[in-house]
Amino acid sequence: MSEAPSGPSTPGARPLDRRAAALAGLRGRCPVCGRGRLFSGFLKIAPRCTACGFDHGGENTGDGPAAFIILIAGFVVGFSALFVEMRFSPPIWVHLIVWLPMVAGLSLAMMQPLKGLMVALQIVNRASEVRNDEF
Ligand SMILES: [Zn+2]
């Protein structure tokens, strides 16, 4: 079990283990201290933790959360629609008014927790974007 890294201005920050950091990320909290906010907007990562001052500015999850959201929401809604169609055979308008809002709501509900989780895992595992000047 490795310790989470401390930010440049986190003298008293208590590093979290992987599980606690992942849970903090899922809740939108700083993965280093578990108290400060990780987001400054719906999906915008706060530049610094408001509690411990850890620098979140370098974290970029790219399309990672969206890929997982597509897989999870597509599985849940796709197989639910298939089950309802095979069991009840409702008219197509029922599928449209049930599954379209459900996939939109499910996707919106998972965006921030999954992005927080991916940022937390990046911080705990010390993953960073590879830049050309590092070679
Ligand atoms: Zn913090």
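This is a short walk through the helices, the core and a few local features of the structure shown above.

Okay, thanks everyone. One thing up front: what we have here is a predicted model. Let's begin with the overall layout. The chain has three helices and zero strands, so if you read along the sequence you get α-α-α. There are 135 residues in the chain, and buried ones make up 36% of them. The accessible surface is about 8500 Å², with 64% of that belonging to carbon and sulfur atoms. And if you take the contacts with a separation of 6 or more, 53% of them come from residues 24 or more positions apart.

Now the helices. Let me take H2 to begin with, residues 64-88. How far apart are the end C-alpha atoms of H2? They're 36 Å apart, and since 25 residues at 1.5 Å a residue should span 36 Å, that agrees. On the buried side of the list you've got Gly64, Pro65, Ile69, Ala73, Val77, Ala81 and Val84. Those buried residues of H2 pack against H3.

H2 also carries the one aromatic pair in the structure. The partners are Phe75 and Phe79, with ring centres 4.9 Å apart and planes at 50 degrees, so we call the pair tilted. Why are these two about one helical turn from each other? Because they sit four residues apart in H2. As a reminder, an α-helix has 3.6 residues a turn, so residues three or four places apart point the same way. Is Phe75 buried or exposed? Phe75 counts as exposed, at 53% relative accessibility, and the cut-off for that word is over 50%.

Right after H2 you hit Ser89. Ser89 is in the loop between H2 and H3, and its phi is positive, about 45 degrees, although Ser89 is not a glycine. Worth a look if you have the model open.

On to H3, which runs over residues 92-124. H3 has 33 residues and reaches 46 Å from its first C-alpha to its last, close to the 48 Å expected. There's a kink in H3, though: about 35 degrees at Met111, shortly before the proline Pro113. Quite a few H3 residues are buried, including His95, Trp99, Met110, Leu114, Lys115 and Gln122. What covers the buried residues of H3? Helix H1 (18-26) and helix H2 are part of that cover. And after H3 comes Arg126, again with a positive phi, this one near 55 degrees.

A closer look at one H3 residue, Ser107. Ser107 counts as buried because its relative accessible area is 17%, and the line is drawn at under 20%. Leaving out residues up to four places away in sequence, Ser107 touches Ile69 and Ala73. Both of those are on the buried list for H2, so here you can see a piece of that H2 packing against H3.

Next, the core. In soluble globular proteins, nonpolar side chains tend to be buried together. The largest nonpolar core here has eleven residues: Cys30, Val32, Cys33, Leu38, Phe39, Ile45, Cys49, Cys52, Phe54, Val119 and Ile123. Val119 and Ile123 are buried residues of H3. For a view from one core member, try Ile45: setting aside neighbours within four places in sequence, Ile45 is in contact with Leu38, Phe39, Ser40, His56, Lys115 and Val119.

Last stop, Gly28, in the loop between H1 and H2. Gly28 is buried too, with a relative accessible area of 11%. Beyond its neighbours within four places, Gly28 contacts Gly36, Arg37, Leu38 and Phe39. Leu38 and Phe39 are names you just heard, as members of the core. And how far is the C-alpha of Gly28 from that of Pro113? The two are separated by 6.4 Å, although they are 85 residues apart along the chain. Pro113 is the proline we met by the kink at Met111.

That's the tour. Happy to go back to any of these spots on the screen.

Notes:
Residues numbered from 1 in each chain as written. Predicted model: local features only at pLDDT ≥ 70, side-chain atom pairs only at ≥ 80, totals over all residues. Heavy atoms only, no water. Buried < 20%, exposed > 50% of the residue type's maximum accessible area, 1.4 Å probe, protein only. Contact = heavy atoms within 4.5 Å. Core = buried A, V, L, I, M, F, W, Y, C linked by side-chain atoms within 4.5 Å. Areas by Shrake-Rupley, 256 points an atom, 1.4 Å probe, with all protein chains shown as cover. Expected span 1.5 Å × (residues − 1). Bend = angle between axes of the 7 residues up to and from the residue. Phe/Tyr/Trp six-rings, centres within 6.5 Å; stacked < 30°, edge-to-face > 60°.
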